[in-house]
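Look at the sequence and the model side by side. Keep both in view while reading.

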Amino acid sequence: MSILDKDPASAPEKERAAAVLARTPTGLLINGQWQKSSDGSTFKVENPATGEILTTVASATAADASAAMDAAAHAQESWARTPTRVRAEILRRAFDLVHERSEDLALLMTLEMGKPLAQAHGEVVYGGEFLRWFSEEAVRDYGRYAPVPEGNLRMVVTHKPVGPCLLITPWNFPLAMATRKVAPAIAAGCTMILKPAALTPLTANYFAQIMIDAGLPAGVLNVIPTDSAATVSEPIMSDPRLRKISFTGSTAVGKHLMKVAAENVLRTSMELGGNGPLLVFEDADLDKAVAGAMAAKMRNMGEACTAANRLLVHESIAEEFVARLAQQMSALTLGSGTDDRVDVGPLIDAKARDSVEQLVSDAVARGAEVVVGGRRGDGPGYFYEPTLLRNVPAEARVIGEEIFGPVAPVLTFSDEDEAVALANSTEYGLASYVFTEDFSRGLRIGDRIEFGLVGVNVGVISNAAAPFGGVKQSGLGREGGAEGIAEYTTTQYLGIEDPWRAA
Ligand code: NAD
């Protein structure tokens, strides 16, 4: 496996990176103004491919969090009254601007998060689609009017914006995780405070400037990067004017925030961790299955909540499947995502790289065999080789825990019941994948598997038009689709004296 020079950027590429960073706001966005933090504090943003500091960003304090809450609360009433067509057109202009500025957005994501540029461009397309989809959904949120069965009342049922929201996003998809929350909140008429991950605040800030340029009024979207998440989330979540929290991140932090949210009975949407199975049956088309496994495992260096964590393969085809997957995994090139020859970038930080290394060591100590990879990169940057493991015992940590790295453990099964039992033997329930040429079996697995998302003969299924979300400890609620806007509305029933009674 080749590991390219960690910093192969040519002088013009370095200049381009410097120019994008110079165009990216590094402050807090509160009430339409970019500003410093109240105590002047900042934190550093690092390039995980090189360990270099890209820039510093203002670090919001509790006072800044309260100011953002004031701005969101103040803007709420007029924003809720703003016609849906106006809200829709702002989203549509933002969609166009995301595409006009796609080179900047993609490069920023590669610089601060590490994903290869081609995948960063893919995220611009995916993330942008939430702006277009919810611009279309904004004007289609219907209510109903009907007589009650007793005939004494008419009911008018309407959907109202839930109110000011706190949106907390992770670092692994810095644009899409923000647009997937911001776009439906705008469409529904909510104001919001976005707290991006400290590892990747630049993409969120750049996107917020796009929203301003698209015409979003001051106070509707406030952005408060910080390196001390609880310092800002606590005052906001205890403020009685907040109505909802939408969180994407780890299950541990999600559980904590659910407890805090209970105090004020906040609406919650939780997009949490995953431990996705990828099932390959004996009747599968192996070309499709290997391509699907590569996409579901290796995209984003495996740092995806939808990643295939466990490859479950029928024992009769396991040898051939492993041989073909090994051949494709060893052909991958590891290096800085700014180099267009690179397929696999660095992991987000040293902690993430060390955690992947420990999972592999644990599996090997328990008897797993390393077919491909199995080593960290040397030198600067947080690289770990694409790694294929077989003969992995079910009790290995790599089977039970979310890997969040380019490591693919293979287990075998002998029949459908065993495959389903293995797939469901996790507290998570986000993404799953099944490969079979038997259509009935594909549908049957859909019935039997406890996951919110099921890919049949495909390794990537996320789409702005489809409801995304998990069951069990992978979360509550759905993002995208028609369901996505409902997370940001509340239902009101007006009971009106029946007009025939009044006559
Ligand atoms: P994380 O839980 O550490 O952090 C997520 C966000 O929460 C960050 O913005 C962080 O600053 C913030 N945060 C952390 N502690 C907090 C606190 N006490 N109060 C308020 N905010 C706090 O997760 P991560 O490492 O950034 O992301 C990786 C995790 O996200 C993985 O588990 C992955 O599966 C999950 N994820 C889920 C989805 C999904 O849609 N289900 C999508 C992407 C990532």
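What follows takes one helix and then the ligand site. The model is predicted.

Start with helix α11, residues 318–330. Does its length fit its residue count, and what span should one expect? Its 13 residues, at 1.5 Å a residue, should span 18 Å. The end C-alpha atoms are 18 Å apart, so the expected and actual spans agree.

Now turn to the sides of α11. Ala318, Phe321, Val322, Leu325, Ala326 and Met329 are buried. These residues cover an arc of only 130 degrees around the axis, so they sit on the same side of the helix. Glu319 and Gln327 lie on the other side of α11, and they are exposed. Buried here means under 20% relative accessible area, and exposed means over 50%.

What covers the buried residues of α11? The cover includes one helix, α10 (286–298). Strands also take part, including β13 (276–280) and β14 (308–314). Further along the chain, β16 (369–372), β17 (387–390) and β18 (407–413) are among the covering elements.

Next, the ligand. It is surrounded by 28 residues. The closest are Thr169, Arg180, Ser250, Leu272 and Glu402.

Three side chains make polar approaches to ligand oxygen atoms. For glutamate 402, a side-chain N or O atom is 2.5 Å from an oxygen atom of the ligand. For serine 250, the corresponding distance is 2.6 Å. For glutamate 271, a polar side-chain atom lies 3.4 Å from a ligand oxygen atom. On its own, the ligand has 840 Å² of accessible area, and the protein covers 85% of this.

How values were computed. Residues are numbered from 1 along each chain as its sequence is written. This is a predicted model: local features need pLDDT of at least 70, side-chain atom pairs count only at pLDDT 80 or more; totals for chains, interfaces and linings use all residues. Side-chain values use heavy atoms; hydrogens and water are left out. Helices (H or I, at least four residues) and strands (E, at least two) are DSSP runs, numbered from the N terminus. The expected span of a helix is 1.5 Å times one less than its number of residues. Buried means under 20% relative accessible area, exposed over 50%, partly exposed in between (1.4 Å probe, protein chains only). The arc is that of the directions from the helix axis to the C-beta atoms. Contact means heavy atoms within 4.5 Å. A residue is near a molecule or strand if one of its heavy atoms lies within 4 Å of it. A polar contact is a pair of N or O atoms within 3.5 Å; within protein, one must be able to donate a hydrogen and the other to accept it, and residues adjacent in sequence count only if both atoms are side-chain atoms. Accessible areas come from the Shrake-Rupley method with a 1.4 Å probe; for residues, only the protein chains shown count as cover.
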